[in-house]
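Visitor: I'm new to this one, and I'd like a close look at a single part of it. Could you walk me through the links between side chains, meaning the disulfides and the aromatic rings?

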Amino acid sequence: MLRTSPRPPTGHPGRRRRAWSTALAALGLLLATLYSGAATPDTGTKTTELNATPQAAQVVRVAEFLAECPYSHRLPDDPIVFPGLPGASHMHSFFGSRVTNAHTDVTDLLGSSSTCSPAVDTSSYWVPTMYRNDQAVEPTGTTFYYLGEGVRDDVIQRIRPFPQGLRIVAGNAKATGVNDPTSVTRWSCLHHGEVNPSKDFVTCPAGSMLESYLDFPQCWNGTDLDSADHKSHMSYPVNGACPASHPVPVPKLRQVLRYPVSGSTQGLRLASGPGYTMHGDFFNAWPENELARRVTNCINVIVKCGADGNPS
């Protein structure tokens, strides 16, 4: 006689296992639906917390980009003040373009080899060489900031790039003392704010460095790339705006040099004389598109950018 297996009674373990498996499968389907976002009818416009894109880091509201341009070479040349006259100037230390000499023009600078980061900045920057006991001392920190500060926000929004070939001189090689208003330099000590800054050299604690700050004028007459005195085509702002005689706001160039010098200032001098004769020259050779991008993306919108011209 054929024997059949009896039907399992209600509550048998096999039935409970099948019911539990069915429940787990349903739960898995629900979780998969939620994680895929399918539970949200308008999947084109909404995201779940799991797949939302993180918010970008908040940018610093400072109108700035910069170039780091280490020391390149020394020559007694000045292609702005003494163009075409090699040896006519006191000794200068050059930064940026490696080709600068007395005969340099903007065509020579464009595309030249440069010490700058970014390398696209082939502008030339130079200052009188520093000496200690008649031994040349070159800065080991060489940062050139392009800023929107010094003018109102509405003026910052109108700042335009420097025209290619613009030449600017800041400071006065023939300044007569710390009270001479034509001297615009400032000397201080790295990480030692307790030492009061001065237009002349200051005594820095051991382990510190002597810093030179120099701000260039940031208002252009809109016409001339240079002038007879190499200054009249530029102006500093007045009451947060550019004067009517120089209506075009351009970036403020701030030159910050750090020299490996501390302790007594005895025997310290510039090729032009005492510390208050510090001056700087700038010969613009930025590629027009790169400079325009930085002015638009960093300065006009008041965003702090790095050497690559992107928010830092």
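Guide: Here is a tour of the disulfides, followed by the ring pairs and the charges that sit over rings. Keep in mind that this is a predicted model.

Let's begin with the sulfur links. A disulfide is a covalent bond between the sulfur atoms of two cysteines. Searching the whole structure turns up four disulfides. If you count the bonded cysteines along the chain, they join up in the pattern 1-2, 3-4, 5-6, 7-8.

Take Cys69 and Cys116, whose sulfur atoms are 2.0 Å apart in their disulfide. Their link is right-handed, with 105° about the S-S bond. Cys69 is in the loop between strand S1 (64-68) and strand S2 (71-75), while Cys116 is in the loop between helix H2 (106-109) and strand S4 (124-128), so this bond ties together parts that are 47 residues apart in sequence. Both Cys69 and Cys116 are buried.

Now move along to Cys189 and Cys204, another disulfide, with sulfur atoms 2.1 Å apart. Here the torsion about the S-S bond is about -90°, so the disulfide is left-handed. Cys189 belongs to strand S9 and Cys204 to the loop between S9 and strand S10 (210-215), so the parts being tied together are 15 residues apart in sequence. Cys189 counts as buried because its relative accessibility is 5%, and Cys204 counts as buried at 3%.

Cys219 and Cys242 also form a disulfide, and their sulfur atoms are 2.1 Å apart. With -80° about the S-S bond, this link is left-handed. It joins distant parts of the chain: Cys219 sits in strand S11 (residues 219-220), and Cys242 in the loop between strand S12 (234-235) and strand S13 (248-249), 23 residues away. Cys219 is buried, with a relative accessible area of 0%. Cys242 has a value of 18%, and because buried means under 20%, Cys242 is buried too.

On to the rings. A pair of aromatic rings is described by the distance of the centres and the angle of the planes. The structure holds 13 aromatic pairs. In one of them, the rings of Tyr146 and Phe162 have their centres 6.0 Å apart and their planes at 65°, so the pair is edge-to-face. This pair, too, links distant parts of the chain: Tyr146 is in strand S7 (residues 141-147), and Phe162 is 16 residues away, in the loop between helix H3 (153-156) and strand S8 (167-171). Both of these residues, Tyr146 and Phe162, are buried.

They have company as well. Ring pairs link Tyr146 and Phe162 into a cluster with Phe65, Tyr71, Phe95, Tyr125, Phe144, Phe282 and Trp286.

For a tilted pair, look at Trp187 and Tyr259, which are 6.2 Å centre to centre with 40° between the planes. Trp187 comes from strand S9 (residues 185-189) and Tyr259 from strand S14 (residues 252-259), so to speak two distant parts of the chain, 72 residues apart. Trp187 and Tyr259 are both buried. Strand S9 may ring a bell, as Cys189 lies there too.

Last stop: charges over rings. The charged end of Arg186 sits over the ring of Tyr213, 4.2 Å from the ring's centre. Elsewhere on the tour, Arg269 lies over the face of Tyr131, at 4.4 Å from the ring centre.

Terms used. Residues numbered from 1 in each chain as written. Predicted model: local features only at pLDDT ≥ 70, side-chain atom pairs only at ≥ 80, totals over all residues. Heavy atoms only, no water. Phe/Tyr/Trp six-rings, centres within 6.5 Å; stacked < 30°, edge-to-face > 60°. Helix = DSSP H or I, 4+ residues; strand = E, 2+ residues; numbered from the N terminus. Buried < 20%, exposed > 50% of the residue type's maximum accessible area, 1.4 Å probe, protein only. Lys NZ or Arg CZ within 6 Å of the ring centre and 35° of its normal. Disulfide = S-S within 2.5 Å.
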